[in-house]
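Here is a friendly note to read alongside the model. Please keep the viewer open and follow the numbered points in order.

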Amino acid sequence: MTTRWTPLNTALAIALCGATLAFAPAHGAGQTAAAPVADKAATVLPGDDFFTFANSAWLNKTDIPADRGSWSAMGSLAEETNARIVKLIEDLAQDKNTKGEARMVANYYSAFMNQKAIESNGTGPLKPLLANIDAIKDKAGLTRALGESVRANVDPLNNTNFYTENLFGLWVAQGLSDSTRNQAYLLQGGLGMPDRAYFLDASARMAELRTAYQAHIAAMLKLAGFSEPEARAARVFALEMAIAKTHAPRDESNDIQKSNNTWTLADFAAKAPGVDWKAFFAAAKLQGQASFGVWHPGAMTGAAALLADADVRAWKDYLAFHLINHHAATLPKAFADQHFAFNGKTLSGAPQQSLRWKLALAATNGALDDAVGKIYVARYFPAANKVQLQKMVANIVAAFDRRIDKLDWMAPATRAQAKEKLRTLYVGVGYPDHWKTYTGLTVSPVDAFGNAVRAEEFHYANEIALLHSKPNRTDWTMPPQLVNAVNLPLQNALNFPAAILQPPFFDPNASDAANYGAIGAIIGHEISHSFDDQGAQFDAEGHLRDWWTKSDLAHFQAASSKLVAQYSAYQPFADLAVNGQLTLSENLADLAGLAASYDAFKATATAGEGADRDFFLGFAQAWRSKFREPSLRRGVLTDGHAPAMYRAATVRNLDAWYTAFDVQPGQALYLAPEQRVRVW
Ligand SMILES: [Zn+2]
């Protein structure tokens, strides 16, 4: 569904800190809540409004839950899946015979749920960590503490998570131009609000948020027993304001060409003077790395300049605040409530805090992703499903390959490389070929805070260890229990976690037509991301390399512009239309995915009477959703995906849809054959 997603190991951060990545709703949007669906559905024609035609029964019976801005097939499937997983974990916790990883999972969850123990521990667990910060005497001590704070909690290319509360975030992945080894990438970080825009934007609303943020810093420090919390908060805020000014804006973080910077230790000294980088990297356990990928060079230089004449006292307050803020969920309720009051209510508009079990599960999923996944898959993902889906994937890849053969605009050399990229694509279905292990991690049934600290350190050590091993294309970046799918450009790989391979996306008892229409189109969507404006910058081995000719690119852009115009004409509000350019990659992927899946369906499956209708209905039903007005508006403004009703309208570019539903000129979705967009 997306190449841009939130890794589960930040799920807690999202749940608690709507700050980071939770702005865009899970998937585009849908019907506005107020639309008179029931009356409309009785008479709507497929050629006028295919989304409502396909989903009228669901739209009529479904209300958006009170704690949500939107609701969709994905959202409700995730909720059902989480409830099942929690039941499994609770059973494991009760069972005296539970051992090994399953016991770790049970303990992690139970400790997080044990609010009585958390209350009685008070700020005790924080104290040794705060004492370390308090012991900082000079710049050398500060450099060491900042180095020690680095965690592997960002991922700019796969899950596109750019947010870390620490000054820098580490990502370990294959080298952009050397697929034989893993590289350490450093990303900007260190802000307690989601993006530099929150600090620098001049609007009254943003100014209001800044005032609220400074008050939040003071409130957290006060809860932890600090003297003069307001004065300290002012210093922390001023420091973050200075950091924000060095940050690259969000759209620049997406630009792989700007992010492709390799720095040796000598480069750090020359380009980012002011820091003893050798000491910093030693503290971060990154000593011995010959070079780093510096994703945000400006922020690196800027942070070094800030540290050059550091006010050590302000930085100590800064480190203390972020330590407390980061661990709020496993501190007494007053901390978690204050954290929600700012990050949930003020920053995200959520009226209600998530139930504790949802936070506990998100935290457990983050700390023990594969261990939970293994338990989930064993119970809920039959081996037969995997076989059936792998067959579908092979058929859709073959259909895509035939489409590449038929592209008259693509130069032969480009075509050969596109086919090679498709031939070597790794597609993971359900769960990884090899599971992560957690040997050496201690998980206490009563120490939620300690568990969180140890799990992050454990994860960090594992990522550092990867720097001494070769990249593995079959490594997964999404756990099996996540309702999502992802394209991994450096690995030339796709992951389809088990949790999305359920109704309404996939149902072993449904017709081939319905399955190809729903999950088949999603599989095709992810495949086609390998060849879109982003994916086409990476070759079959995951090297960042320009392999399209200029004329290939020109043709691709010309065809794309027709799709931009088609989507820009959609107008969910009188004052706001869909942004065809912002949503282009995803709309292209929807179109190519639907077309390839349709081909695969026709070439291989048993298609009975009415099968084409079932195929297109299956597609539109996977996008069923409802949105409250502000949520739909925010989605149109910020989400790279078009609202769901327009994604469902992708069908109007396929000739077969017109035949299947007898769509006629004059109907709202009708396009004359020459207006239908055919890119792939
Ligand atoms: Zn996508």
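**Notes on the structure**

1. His525 is buried, and His529 is buried too; buried means under 20% relative accessible area, exposed over 50%, and partly exposed in between (1.4 Å probe, protein chains only). Before going on, please note that this is a predicted model, in which local features need pLDDT of at least 70 and side-chain atom pairs count only at pLDDT 80 or more, while totals for chains, interfaces and linings use all residues. Residues are numbered from 1 along each chain as its sequence is written, and side-chain values use heavy atoms, with hydrogens and water left out.

2. Which residues are the protein donors of the zinc ion? They are His525 (NE2), His529 (NE2) and Glu586 (OE), lying 2.0 to 2.1 Å from the ion. Donors here are N, O and S atoms within 2.8 Å of the metal (3.2 Å for Na, K and Ca); water is not among the atoms, so sites may look incomplete. Along the sequence, the donor residues follow the spacing H-x3-H-x56-E. Both His525 and His529 sit in helix H24 (residues 512–529), four residues apart, about one turn of the helix. Helices (H or I, at least four residues) and strands (E, at least two) are DSSP runs, numbered from the N terminus.

3. Helix H24 also leads to a sheet: H24 lies across S8 and S9 and runs at about 155° to S9. Axes are lines fitted to C-alpha atoms, for helices over the stretch in contact (heavy atoms within 4.5 Å), and angles run from 0 to 180 degrees between N-to-C directions. The sheet is open, with three strands in the order S7-S9-S8 and mixed pairing. Strand S7 (426–430) and strand S8 (486–488) are at the edges with a single partner strand each, so one side of each has no neighbour in the sheet. From one strand to the next, the twist averages 15°.

4. In what sense do S7 and strand S9 (residues 493–497) pair, parallel or antiparallel? The pairing of S7 and S9 is parallel, over five bridges; two strands pair if DSSP finds at least two bridges between them. Tyr426, for example, has Ala493 in S9 as its bridge partner.

5. Two spots around this sheet deserve a look at the backbone. Most residues other than glycine have a negative phi, and most peptide bonds are trans. Asn492, in the loop between S8 and S9, has a positive phi of about 45° although it is not a glycine. Asn492 is buried, at a relative accessible area of 1%. In the loop between S9 and H24 you will find Pro504, and a cis peptide bond joins Pro503 and Pro504, with omega about 5°.

6. Lys285 is another residue other than glycine with a positive phi, near 65°. Lys285 belongs to the loop between helix H15 (277–283) and strand S6 (291–294), and counts as exposed at 57% relative accessibility.

7. How many salt bridges does the structure hold? There are 22, a salt bridge being a side-chain nitrogen of Lys or Arg within 4 Å of a carboxyl oxygen of Asp or Glu. One of them pairs Glu101 with Lys374, the closest N and O atoms being 3.5 Å apart. This pair links distant parts of the chain, with Glu101 in helix H5 (residues 100–113) and Lys374 in helix H20 (residues 369–380), 273 residues apart.

8. Arg633 is worth selecting in the viewer. Its side chain meets that of Glu629 in a salt bridge (2.9 Å, N to O); Glu629 and Arg633 both lie in helix H28, four residues apart. Arg633 also forms a salt bridge with Asp575, where the closest N and O atoms are 3.2 Å apart. Asp575 is exposed, at 57% relative accessible area, whereas Arg633 is partly exposed at 26%.

9. Finally, the interior. The largest nonpolar core has 127 residues, and those with the most contacts inside it include Ile519 and Ile527. A nonpolar core is a set of buried Ala, Val, Leu, Ile, Met, Phe, Trp, Tyr and Cys residues joined through side-chain atoms within 4.5 Å. A second, separate core of 67 residues includes Leu142 and Val294.
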